[in-house]
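Dear colleague,

I am handing over the structure that we spoke about, and I would be glad if you kept it open while you read. Below it you will find an account of what was found.

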Amino acid sequence: MRRYGKNPDEDDIRSRPNPKGNRPRTNIRPKHEDAAEGMVLTVDRGRLTCLVGDTVVLAMKARELGRKAAVVGDQVSLVGDLSGRKDTLARIVRIEKRRSVLRRTADDDDPFERVVVANADQLAVVTALADPEPRPRLIDRCLVAAFDAGLEPLLILTKSDLASADELLETYRPLGIRYVVTRRDELATGEAADRVRDYLEGRMTAFVGHSGVGKTTLVNALVPDDRRRTTGLVNAVTGRGRHTTTSALALPLEKADGWVIDTPGIRSFGLHHVEPSRVILAFPDLVPGTENCPRGCGHDEPDCALDAWVAEGHADPSRLDSLRRLLSTRERREGD
């Protein structure tokens, strides 16, 4: 039934009141100038544990942040109850600009990238020399992700009492990556943690590795006050470890200034988000040789100028081999 006359300007037009009140809507958001600064330590089902000063605070993301999600390592601004008392909840109103972002996808065909950690300075790739066997291809993928994110890689080889590290180190020596080799008995004495700690001081380091390599055991040795995580055994049938870390967790380094971030064990490290052209930036000694490469050169093609440039003695051939090995990890299926 018509509720108003022919003239839409007539006074009998009914206006529907705002069911939530008479205050008009606005796009102006509060500036929260009095918000406190903090860092995200871990994320669990929409609740974020943050460190504000010396206080651990439980928080949730403010609605005005929309789809923007905070991850471990993020510097954030919080308002609300910052006491840290039980059953209190603060609110994250800002996520500060990130210095670095370590990303991964489920596989190379997955367009949805996951942010592993933010603001890390270093990526520690932990792998066992035996039980389970090392997976060089997974190591390569982690290195590509580290180079792409601008993180300095650190290779930590565990269980050297079960197998020699020489062959694996020879593979990565041309990359100039720093490394630490440890034995199982050194974890009990603290010697392994002391040697690794020298590479972590003053940095935020994310630890990655597949299950069963001793990653969380090493983190517990570096941060002995945190015993929330339990260590798992390697399955004798599959040769794979059990996932003992279920979410990323940032922990302050003991006896040194720095942070370690323990991440869940990974079985794959997709690189869909990494552009192959950016991998070359991790090889500054090879970059000058790309000036004569054809447009769009992937540096693993027959007409790549790097072959002649390296042959002329401008760089070590093993460095070019390493670059192309890493590029091969970023293979895409036909049609991508």
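Two strands are said to pair if DSSP finds at least two bridges between them. Please keep in mind throughout that this is a predicted model.

With that definition in hand, we can begin with strand 1, which covers residues 36-44 and pairs in the antiparallel sense with strand 2 (residues 47-52) over 5 bridges. These two strands form a hairpin with 2 residues between them, and in the turn you will find Arg 45, which has a positive phi of about 50°. If you would like one position to look at in this pairing, Met 39 has Leu 51 in strand 2 as its bridge partner. Strand 1 also pairs with strand 4, again in the antiparallel sense, over 4 bridges, and here Glu 37 stands opposite Ser 77 of strand 4.

Strand 4 (75-80) leads us to the surface, since the loop between it and strand 5 (90-95) holds Leu 89. With a relative accessible area of 33%, Leu 89 is partly exposed, and together with Leu 58 and Met 60 it makes a nonpolar surface patch of about 210 Å².

The helices give a contrasting view. Helix 1, which runs over residues 136-149, has 14 residues and reaches 20 Å from its first C-alpha to its last, close to the 20 Å expected at 1.5 Å a residue. Of its 14 residues, 10 are buried, so helix 1 is largely enclosed by the rest of the structure; among the buried ones are Leu 138, Ile 139, Asp 140 and Arg 141. After helix 1 comes Gly 150, whose phi is positive, near 80°.

Is helix 5 enclosed or open to the outside? In helix 5 (residues 215-222), 6 of the 8 residues are buried, so this helix too is largely enclosed by the rest of the structure. Its buried residues include Lys 215 and Thr 216, and both of these side chains take part in polar contacts with a residue of a strand, as follows. Asp 262 has its place in strand 13 (residues 259-262), and it counts as buried because its relative accessibility is 1%, whereas the cut-off for buried is under 20%. The side chain of Asp 262 makes a polar contact with the side chain of Lys 215 at 2.8 Å, and another with the side chain of Thr 216 at 3.2 Å.

With best wishes

Note on methods
Residues are numbered from 1 along each chain as its sequence is written. This is a predicted model: local features need pLDDT of at least 70, side-chain atom pairs count only at pLDDT 80 or more; totals for chains, interfaces and linings use all residues. Side-chain values use heavy atoms; hydrogens and water are left out. Buried means under 20% relative accessible area, exposed over 50%, partly exposed in between (1.4 Å probe, protein chains only). Patches are made of residues with over 30% relative accessible area and no salt bridge: like charges are joined within 9 Å, nonpolar side chains (Val, Leu, Ile, Met, Phe, Trp, Tyr) within 5 Å. Accessible areas come from the Shrake-Rupley method with a 1.4 Å probe; for residues, only the protein chains shown count as cover. A salt bridge is a side-chain nitrogen of Lys or Arg within 4 Å of a carboxyl oxygen of Asp or Glu. The expected span of a helix is 1.5 Å times one less than its number of residues. A polar contact is a pair of N or O atoms within 3.5 Å; within protein, one must be able to donate a hydrogen and the other to accept it, and residues adjacent in sequence count only if both atoms are side-chain atoms.
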